[in-house]
Amino acid sequence: MGRYFGTDGFRGEANCDLTADHAYRIGRFLGWYYGEIKRQNGIGEMPKVVIGKDTRRSSYMFEYALVGGLVASGADAYLLHVTTTPSVAYVTRMDGFDCGIMISASHNPYYDNGIKLLNGSGEKMEESTISLIEDYLDGSVHLFDQDWTELPLAKRENIGCTVDYVAGRNRYVGYLISLGQFSFKDKRIALDCANGAAWNIAKSVFDALGAKTYLLNAEPNGTNINRDAGSTHIEGLQKFVLDNHLDAGFAYDGDADRCLAVDDKGEVITGDHILYLCGVYMKERGDLMNNTVVTTVMSNFGLYKAFDKLGIQYAKTAVGDKYVYEYMQQYGCRIGGEQSGHIIYSKYATTGDGILTSLKIMEVMMAKKQKLSELVAPLKIYPQVLVNIRVSDKKEAQDDPDVQAKVKEVEEKLGDSGRILVRESGTEPVVRVMVEASSEETCKEYVDSVIQVIKDKGYQAGE
């Protein structure tokens, strides 16, 4: 993890950890960097950068600061306005942009924000480029055989401009609609947009495909994004689906790169359920390349047992959709994702895409003529307890010999009947302790025993 950028961009509380000055300087660097690459390659055109944002109040501040930096360095900034992260990735790769920027802190509360960077292929930006940006934020970057403490400003006709590019977002909506292989007529579906980026996109797609659509949490006001809504607070969607006897409900996060679902019985469908039902469907159709589903180490023990029974292979990556995507690209896999609902369909997208995921779930339901609850019934999820503890030093706490000894002790007690995973967060100053076992009581007992050692050794930090 970098000095400023974590596994999912530069994220923190707006105007505390992440400021408008940071955004301006990131824009300054990107505009100059891509312009210099073009000049050195004899390309006589200005760099183009496309920007999207979610519904947080601070997103406007960061958008304007980024634009100021970009145009000052000689780049043209194309504005998608409020839109989803996967739409920025789609437009970046389809319309020939040098890079894409999404302003969002995903599932975090409204007072946080983030800057996610995508390369010209619509993929998470390379660590080598991120490192250069961090060097510049720290005051000096060595590039093109010299040290730069400040970057040259564009002059006269070389100053960039802004372009209203809402047409790009509309094309993305059309793309999603084009992927629908079945009519959703007579299907009654709820969409929880988390008062976030999906609020003006998801319903358009489902309506176009014929569903009777019910919209929840689609009135963003700048401070209600993710508040008791969306994939991190799915209880309201569960109640709505049950009370209204709907076929299914889909819940997105703030930037709509993840999706969780609720089945016809009101049960939560996690990313692991989605990987199971879509993985099985793809195998049946001969579309599961390499017979492999890519997961992270956080996927449930029960998912692996179900795949073993069906002869489906699986890979385990570090937590983070960027690592899932990298593995999929390297080995040619078609589906992968996280328990949290980041699901990547590499044939159609370069990032997790919540709306696309909901369409793919609907495709399985329609093709197999089964209820969502029936499709996931064979998957038996093991009880899981996950506790986050805020610490002063993530690595030091995780690597402490006494903590490691306790983890090993738990592993030995669990044997083949469960597992323990201790890891540091990529976006927060916390260590995550997770146990899966035959009962929730066993999980809690073992998690508490590890947490207690972390506390006893003095690593716990104040809130």
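**Exercise 1.** Does Glu36 count as buried or exposed, and at what relative accessibility?

*Solution.* Start with the model: it is predicted, so local features need pLDDT of at least 70, side-chain atom pairs count only at pLDDT 80 or more, and totals for chains, interfaces and linings use all residues. Residues are numbered from 1 along each chain as its sequence is written, and side-chain values use heavy atoms, with hydrogens and water left out. Next, take the cut-offs: buried means under 20% relative accessible area, exposed over 50%, and partly exposed in between (1.4 Å probe, protein chains only). Glu36 has 17% relative accessibility, so Glu36 counts as buried.

**Exercise 2.** Find the salt-bridge partner of Glu36 and place the pair.

*Solution.* Apply the rule: a side-chain nitrogen of Lys or Arg within 4 Å of a carboxyl oxygen of Asp or Glu. Arg39 fits, with the closest N and O atoms 2.8 Å apart. Both residues sit in helix H1 (residues 20-40), 3 residues apart, about one turn of the helix. Helices (H or I, at least four residues) and strands (E, at least two) are DSSP runs, numbered from the N terminus.

**Exercise 3.** Which parts of the chain does the salt bridge between Arg3 and Asp135 tie together?

*Solution.* First, the closest N and O atoms of Arg3 and Asp135 are 2.8 Å apart. Arg3 lies in the segment before strand S1 (5-6) and Asp135 in helix H4 (residues 127-137), so the pair ties together parts 132 residues apart in sequence. Finally, check accessibility: Arg3, at 45%, counts as partly exposed, and Asp135, at 23%, also counts as partly exposed.
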